[in-house]
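Please read the following note with the sequence and the model side by side. Each numbered point takes up one topic and may be checked against the structure in turn.

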Amino acid sequence: MGKIKFSAKGKPTVSAVDQDILSHALVVASHGRHFVARGDDGKLWQLFGKGKRREVAVGDEVSIRPSGDEQAWVEEILPRRNLVYRSDALKSKLFAANLDQVLLVLAISPPYSTELLGRTLVACQHAGVPLHVVFNKVDLFDDVQEAMAEFTEELNAWTRGECPIHFVSLTEAPHDAQAHMLSLLEHKRTLILGQSGMGKSTLINLLIPEARASTNEISMALNAGKHTTTHTQMHVGDAGLELIDSPGFQAFGLFHLSEDELLDAFPDIAKPGLRCRFANCQHLREPDCAVKLALGTTELSAARFELFLLLREELRSGQGYA
Ligand SMILES: Nc1nc2c(ncn2[C@@H]2O[C@H](COP(=O)(O)OP(=O)(O)OP(=O)(O)O)[C@@H](O)[C@H]2O)c(=O)[nH]1
Ligand SMILES: [Mg+2]
Ligand SMILES: [Zn+2]
């Protein structure tokens, strides 16, 4: 990968390039309003977009119109297979598009949030993208077997057993981790998500050693020398590896879902909900509420019900702003 510069502040400069020729490119890096795309010939372009055409995500296929030697306008965002994003009442943050899978990296230090896990699962289900959980830093467990059993039970309660869980130590058992992860990631485009400090970049650097230099070049420039990832970037490795690194998140808003879509992501509530006495039961204080009856049984965990109520309240209160 050549040098990527995010320094241009003004409009792209017009030079002797032919502005009438459109070409195809893949968006490989995003830092909010700055984007980098790779043309079919491997050339890297600094991308600019106007209006809706500014809403590009890493993984997007775009048609571009050159405006300078290294700069181009987004002419069109080609139809997406899927898009994983989060949103609050005011704006959306696009993580990545056209994915095969999402990998959520967790660890006990810094402590992971089950609520963020629950939200990530809802976002992935809504996007139609499979989610895997990587539980990293198992070297920090006192009793590995006991801890693995305990965390598997906790995570399965949150994901209803729908997400495979992979326990690894990226720094203490890198060879094992590498072999295990490769079988999961080869020939796939994978978005790596997680809170800050969980080991997302460590995982990518282990599998694609060249990623380190490329990441550092941008992160150091943007973030005054800190290692934490500040932009979303796709790294390409051998065996068809396409790994998208992203900055750690502390919040994961889902304001873009409708109430029906939210319910789709909670079959453990939708299903008993069909048995409630009232068709429009809110599952709060209504008589003969089958959801309340299911609560605490193997059908519905209290934690998932609480998350559902929280998300529903959020999207109701956000209506009219989004
Ligand atoms: N003990 C232990 N530490 C690890 C392991 N994997 C990663 N770390 C450490 O965790 C810290 C954070 O790792 P990063 O890969 O930068 O985390 P990140 O998820 O990319 O964080 P952000 O870029 O801030 O979102 C680093 O100091 C790593 O060395 C592990 O398996 N065990
Ligand atoms: Mg990182
Ligand atoms: Zn009910």
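1. Asp268 and Arg304 form a salt bridge, with 2.7 Å between the closest N and O atoms. The term salt bridge stands here for a side-chain nitrogen of Lys or Arg within 4 Å of a carboxyl oxygen of Asp or Glu. Asp268 belongs to helix α7 (residues 267-273) and Arg304 to helix α9, so the bridge ties together parts that are 36 residues apart in sequence. Both residues, Asp268 and Arg304, are buried; buried means under 20% relative accessible area, exposed over 50%, and partly exposed in between, computed with a 1.4 Å probe on protein chains only. Helices (H or I, at least four residues) and strands (E, at least two) are DSSP runs, numbered from the N terminus. Asp268 and Arg304 are also part of a network of salt bridges that includes Arg160 and Glu162.

2. The basis of these values should be stated early: this is a predicted model, in which local features need pLDDT of at least 70 and side-chain atom pairs count only at pLDDT 80 or more, while totals for chains, interfaces and linings use all residues. Residues are numbered from 1 along each chain as its sequence is written, chains are lettered from A and ligands numbered from 1 in the order in which they are written, and side-chain values use heavy atoms, with hydrogens and water left out.

3. How many salt bridges does a search of the whole structure find? The search finds 14. One of them joins Glu314 to Arg119, whose closest N and O atoms are 2.6 Å apart. This pair links distant parts of the chain, since Glu314 is in helix α9 (residues 302-317) and Arg119 is in helix α1 (residues 114-127), 195 residues apart. Arg119 counts as buried because its relative accessibility is 5%.

4. A further salt bridge is formed by the side chains of Arg189 and Glu242, at 2.7 Å from N to O. Arg189 is in strand β11 (residues 188-193) and Glu242 in strand β13 (residues 241-245), so parts that are 53 residues apart in sequence are tied together. Arg189 and Glu242 are both buried.

5. The zinc ion (ligand 3) has the protein donors Cys276 (SG), Cys281 (SG), His283 (ND1) and Cys289 (SG), at 2.1 to 2.4 Å. Donors are N, O and S atoms within 2.8 Å of the metal (3.2 Å for Na, K and Ca); water is not among the atoms, so sites may look incomplete. Why is the arrangement around the zinc ion (ligand 3) called tetrahedral? The four donor atoms subtend angles of 105 to 114°, which makes it tetrahedral; the term requires four donors with all angles between 85 and 135 degrees. Along the sequence, the donor residues follow the spacing C-x4-C-x1-H-x5-C.

6. Two of the zinc donors deserve separate mention. Cys276 counts as buried because its relative accessibility is 9%, and His283 is buried with a relative accessible area of 8%. Cys276 is placed in the loop between α7 and α8 (290-294). Leaving aside residues up to four places away in sequence, Cys276 touches Cys281, His283, Asp288, Cys289, Ala290 and Val291, where contact means heavy atoms within 4.5 Å.

7. The magnesium ion (ligand 2) has the protein donors Ser201 (OG) and Thr229 (OG1), which lie 2.0 to 2.1 Å from it. This pair also links distant parts of the chain: Ser201 is in helix α4 (residues 200-207) and Thr229 in the loop between α5 (211-223) and β12 (232-236), 28 residues apart. Thr229 counts as buried because its relative accessibility is 11%.

8. Is helix α4 enclosed or exposed? Seven of its eight residues are buried, so α4 is largely enclosed by the rest of the structure. Among these buried residues are Lys200, Ser201 and Leu203.

Notes. Four donors count as tetrahedral if all angles lie between 85 and 135 degrees; four count as square planar and six as octahedral if opposite donors are over 155 degrees apart and all others between 65 and 115; anything else is irregular.
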